[in-house]
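Q: Please take a close look at one part of this protein, a helix and the helices it packs with. I would like the contacts residue by residue, and a note on any unusual backbone in the loops.

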Amino acid sequence: MIEDIENEIEVINSIYGQGTLERVADVALQSYHLAIPQKAVTLRLSIPTQYPNVGLQITAVDSVGSATRKGYGTRVLEVAREVLQESFTPGQVCIFDLLQNLEQRLAQGFTADDSEDQEVSQCNISRETDAPIETTTPPQWTLSATVTEKKSVFVARSCAIKSTSEAQAAITHLLSTNKRASKATHNINAYRIRTLVNGHDVTYQDCNDDGEDAAGGRLLKLLQIMDVWNLLVVVSRWYGGVKLGPARFGIINAVARDAIVAAGFAKQSESHR
């Protein structure tokens, strides 16, 4: 099961950034650091070699930021253990779900000053959108490098958008004019938009797995971590007949990050990772 752990490390770090999940140096193989994104708290995990058939344990708080209020690290540890019990199913990797669910639980206890801006977010659910914008200008795509893994081929595209209608129009244009993209097994996509409506800052975000289960949510999480706005990303995958398991999420996010950086939307700290 070592391969499952290695794949999950690759996936977590491709989404949240290098060093989020890593082995503890000079300690037993099953000990790992898990840095909770944007919370200045690092937890210690014990991941047995039989994982995910056998559950992992959250053993301690490794470190907290110097500006973190007293007792916060202990509270994160307690909540993380509760969330782990809810997230783990034997035979299924769970650290990504642990991080997502932990973020949500911790956010419930934050004050308005600590919490992020309210956003419209949910994959594959229809909703009211901002007013459509008519445009005859084709979307200007920036492409990533092409990655081939066990005969599966991955390539990402990114383009600037200003509305949800522009995002949908760009996807429709891509699939109707690009024969290769239209024949992809999956065209996973995600976008985030920030705009002014009646003088108020309003944000929209959405994602679509397009049959690649859970990939859209992971792609949207990458955009959130990179703090990217007014951008649509589409990752096309042509399935090669060999299942890649969790490693596919790492590749999807790697090519997406490449397309975002190439388009000039990444912040300087991201572009130099």
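A: What follows starts with the chain as a whole, then takes helix α6 and its two partners, and ends with the backbone of the loops.

The model is predicted. Its protein chain holds eight helices and ten strands. Of the 273 residues in the chain, 44% are buried. Among contacts with a separation of 6 or more, 64% are between residues 24 or more positions apart.

Helix α6 covers residues 215-225, and helix α7 covers residues 247-262. Two packed helices are described by the angle between their axes and the distance between the axes. For α6 and α7 the angle is about 40° and the axes are 10 Å apart. Angles under 35 degrees would count as roughly parallel; α6 and α7 are therefore oblique to each other. Their crossing is right-handed. On the α6 side the contact is made by Ala 215, Arg 218, Leu 219, Leu 222 and Leu 223. Across from them, α7 supplies Phe 249, Ile 252, Asn 253, Ala 256, Arg 257 and Ile 260. By class, the residues of this contact are eight nonpolar, one polar and two charged. An α-helix has 3.6 residues a turn, so residues three or four places apart point the same way.

The other partner of α6 considered here is helix α1, made up of residues 2-16. The axes of α1 and α6 are 8 Å apart and meet at an angle of about 45°. These two helices are therefore also oblique to each other. From α1, the residues in the contact are Val 11, Ser 14, Ile 15 and Tyr 16. From α6, they are Arg 218, Lys 221, Leu 222 and Ile 225. This contact divides into five nonpolar residues, one polar and two charged. Arg 218 and Leu 222 of α6 thus appear in the contact with α7 and also in the contact with α1.

Now α1 itself. With 15 residues at 1.5 Å a residue, α1 should span 21 Å, and its end C-alpha atoms are 21 Å apart, so the two values agree. Its buried residues are Ile 5, Asn 7, Glu 8, Ile 9, Val 11, Ile 12, Asn 13, Ser 14, Ile 15 and Tyr 16. The elements that cover them include the strands β1 (21-23) and β2 (31-36), and the helices α3 (95-107), α6 and α7. After α1 comes Gly 17, with a positive phi near 110°.

That leaves the loops. Most residues other than glycine have a negative phi, and most peptide bonds are trans. Asp 210 is not a glycine, yet its phi is positive, about 50°. This residue sits in the loop between β9 (200-208) and α6. Asp 210 is partly exposed, at a relative accessible area of 36%. In the loop between α6 and β10 (231-238) lies Asn 230. Asn 230 is another residue other than glycine with a positive phi, near 55°. With a relative accessible area of 25%, Asn 230 is partly exposed. Elsewhere, the peptide bond from Tyr 51 to Pro 52 is cis, with omega near 10°. Pro 52 belongs to the loop between β3 (41-46) and β4 (57-64).

Key: Residues are numbered from 1 along each chain as its sequence is written. This is a predicted model: local features need pLDDT of at least 70, side-chain atom pairs count only at pLDDT 80 or more; totals for chains, interfaces and linings use all residues. Side-chain values use heavy atoms; hydrogens and water are left out. Axes are lines fitted to C-alpha atoms, for helices over the stretch in contact, and angles run from 0 to 180 degrees between N-to-C directions. Helices (H or I, at least four residues) and strands (E, at least two) are DSSP runs, numbered from the N terminus. Angles under 35 degrees count as roughly parallel, over 145 as roughly antiparallel, 65 to 115 as roughly perpendicular and the rest as oblique. A crossing is left-handed if the near helix is turned anticlockwise from the far one by less than a right angle, and right-handed if clockwise. Contact means heavy atoms within 4.5 Å. Ala, Val, Leu, Ile, Met, Phe, Trp, Tyr, Cys and Pro count as nonpolar, Asp, Glu, Lys and Arg as charged, and the others, Gly among them, as polar. Buried means under 20% relative accessible area, exposed over 50%, partly exposed in between (1.4 Å probe, protein chains only). The expected span of a helix is 1.5 Å times one less than its number of residues.
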